[in-house]
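Reader: I'd like a close look at one part of this model before I set anything up. Could you walk me through the ligand site and then work outward into whatever packs behind it?

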Amino acid sequence: MDETLLMIPGPTRVAPRVLKAMSENIINHRSALFGEILTETNQMMSEVFQTENQSYLITGSGTAAMEAALANTISKGDRVLNIVGGKFGQRFMQITETHKGIPVQLEVEWGHGVNPDDVRYILEEEEDIKAVTIVHNETSTGVTNPIDEVGKIMQDYDALYIVDTVSSLGGDDVFVDGYGIDICVTGSQKCLAAPPGIAAITLSDDAWDVVDKTDNQTYYLNLKKYKKSGDATPPETPYTPAVSLIYAMQEALRVIMEEGLEERVLRHKLAAKATQNGVTALGLELFAQKEVSSNTVTSVRMPEGITDKELRGTMRERYRIELAGGQDHLKGNVFRVGHMGNITHREIISTIAALEMTMQGLGLDVEIGEGVAAVADTYLAE
Ligand SMILES: *Cc1c(COP(=O)(O)O)cnc(C)c1O
């Protein structure tokens, strides 16, 4: 089995007890026992979302929940403000188009966060915006958007506030009720540290009102069905769920509850700080603006004269550490270090140590130990 250290922004390694949970045999998904598992899992999911509302699990990756959010709330011709500052912001826009909505794009320079005033400006200027989509943590750039501030603005407007927290939930502050989020979506395989294949969604009463009035064009992702089954006693899912993955979600969420959400967010914050300090001590430049840099993924500009293949290839082949590359126009220009899920100081120290050795091996002028010292200082300062 490949034991390469995964320092990518999902999927992430899962705890052995989560793997073990998946080895339990399959049970009837329409039984009291499975109902108990779903009840606990959904409740923990709502706790992690920090909402009083119900959460629902969808068998599928994070994108399934992104699509469910829009497919159930927009009808043909509805205008949607899509905040786009990277790959996943674009995805929400493409889904808007797929479901015959009309995207009103607020383009944000990659590496920057959205300016909340720009959101207000568009909501003032444009009529009939039915929904606003925003990606909390733009995984492609390593930027965290100010969903709290945008949420405050949204209070003044009727539009639904739809937030993608796929790569932040469990690794950064997400207060669904506190921020006034109407629909929040996430995925299993990032900060929640469960295997890929489960998406989660939660909706406010306002959002359900819109769902009820929307003539949706989706069958598998029809949220009314998820609500009907999910709110029954015992709860069910409308179609056969990935039973083993639900076992894994239950166990992964228990791990989160045991660590404590606040502690977990702090651990991620520290991992981000240590990573940033480590790479900058090696003379590398961060891609994302400092004020909006992510808790869960750090994007770094590729050093001059070094190719992606050389840097990430050496990290992978010689040091058995997997980093992520850039996407779209950032391909070859940045590399990304994911530090989400169960990552601790151990993995950050190893990664930065390997990065130093890789850089020196590629002929770059680095002092061995400087990056690691910066990581150590960061952790020791806490
Ligand atoms: C990973 C991710 C998704 C979902 O991607 P899937 O491959 O469908 O799980 C959505 N949004 C963000 C910000 C992500 O990082």
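Author: Sure, here is the ligand site, followed by the strands and helices I'd look at next. Keep in mind that this is a predicted model.

Let's start with the ligand. A shell of 14 residues surrounds it, and the closest are Ser61, Thr63, Thr139, Asp164 and Lys190. Three of these have polar side-chain contacts you can pull up right away. Ser61 puts a polar side-chain atom 2.5 Å from an oxygen atom of the ligand. For Thr139, an N or O atom in the side chain is 2.4 Å from a ligand oxygen. Asp164 goes to a nitrogen atom of the ligand instead, with a polar side-chain atom 2.6 Å away. As for cover, the ligand taken alone exposes 380 Å², and the protein buries 88% of that.

Which helices supply residues to this shell? Two that each give at least two residues are α3 (62-71) and α4 (87-98). The biggest share comes from α3, with 3 residues.

Now for the strands. Asp164, one of the closest residues to the ligand, falls in the range of strand β8 (residues 160-164), and β8 pairs with β9 in the parallel sense over 3 bridges. Along that pairing, Val163 sits opposite Cys184 of β9. Strand β9 itself (residues 183-187) is mostly covered, with 5 of its 5 residues buried. In a regular strand, side chains alternate between the two faces of the sheet. Here, Ile183, Val185 and Gly187 point one way from β9, while Cys184 and Thr186 point the other way, and all are buried.

On to the next neighbour of β9. Strand β10 (residues 198-203) is joined to β9 by 5 bridges, and these two run antiparallel. Val185 and Ile201 of β10 stand opposite each other there. Strand β10 also pairs with β2, again antiparallel and again through 5 bridges. In that pairing, Ser55 faces Thr202 of β10. Strand β2 (residues 55-59) is mostly covered too, with 4 of its 5 residues buried.

What packs against β2 and β10? Helix α8 is one answer: its buried residues pack against β2, α3, β10 and α7. So α8 meets α3, going by that list, and α3 is the helix that gives the most to the ligand shell. The buried residues of α8 (residues 223-230) are Leu223, Tyr226, Ser229 and Gly230. Looking down the axis of α8, they fall within an arc of 125 degrees, so they line one face of the helix. At the start of α8, a side-chain oxygen of Asn222 comes to within 3.0 Å of the backbone nitrogen of Lys224.

Lys224 turns up again in the contacts of a residue in α7. That residue is Val211, found in helix α7 (residues 205-213). Val211 is buried, with a relative accessible area of 1%. Not counting residues up to four places away in sequence, Val211 touches Asn72, Thr73, Leu203 and Lys224. Leu203 is a residue of β10, going by the range 198-203.

Let's go to another part of the model, where a 3-stranded open sheet has the order β11-β14-β13 with antiparallel pairing. Its edge strands are β11 (297-301) and β13 (324-325), each pairing on one side only. Strand β11 is joined to β14 (residues 334-338) by 5 bridges.

Ser299 is the residue I'd pick out in β11. Is Ser299 buried or exposed? Buried, with a relative accessible area of 2%. Across the sheet, Ser299 stands opposite Arg336 in β14. A polar atom of the Ser299 side chain is 2.6 Å from the backbone oxygen of Thr141. Leaving out residues up to four places away in sequence, the contacts of Ser299 are Thr141, Gly142, Leu286, Phe287, Ala288, Phe335 and Arg336.

One last helix is α13 (residues 370-380), whose buried residues are Gly371, Ala374, Val375, Thr378 and Tyr379. Seen down the axis of α13, these fall within an arc of 135 degrees, so they line one face of the helix. The cover over them includes α10 (261-281) and α12 (345-361).

Note on methods: Residues numbered from 1 in each chain as written. Predicted model: local features only at pLDDT ≥ 70, side-chain atom pairs only at ≥ 80, totals over all residues. Heavy atoms only, no water. Pairing = 2+ DSSP bridges. Buried < 20%, exposed > 50% of the residue type's maximum accessible area, 1.4 Å probe, protein only. Arc of directions from axis to C-beta. Contact = heavy atoms within 4.5 Å. Near = heavy atom within 4 Å. Polar contact = N/O pair within 3.5 Å; in protein donor to acceptor, adjacent residues only side chain to side chain. Areas by Shrake-Rupley, 256 points an atom, 1.4 Å probe, with all protein chains shown as cover.
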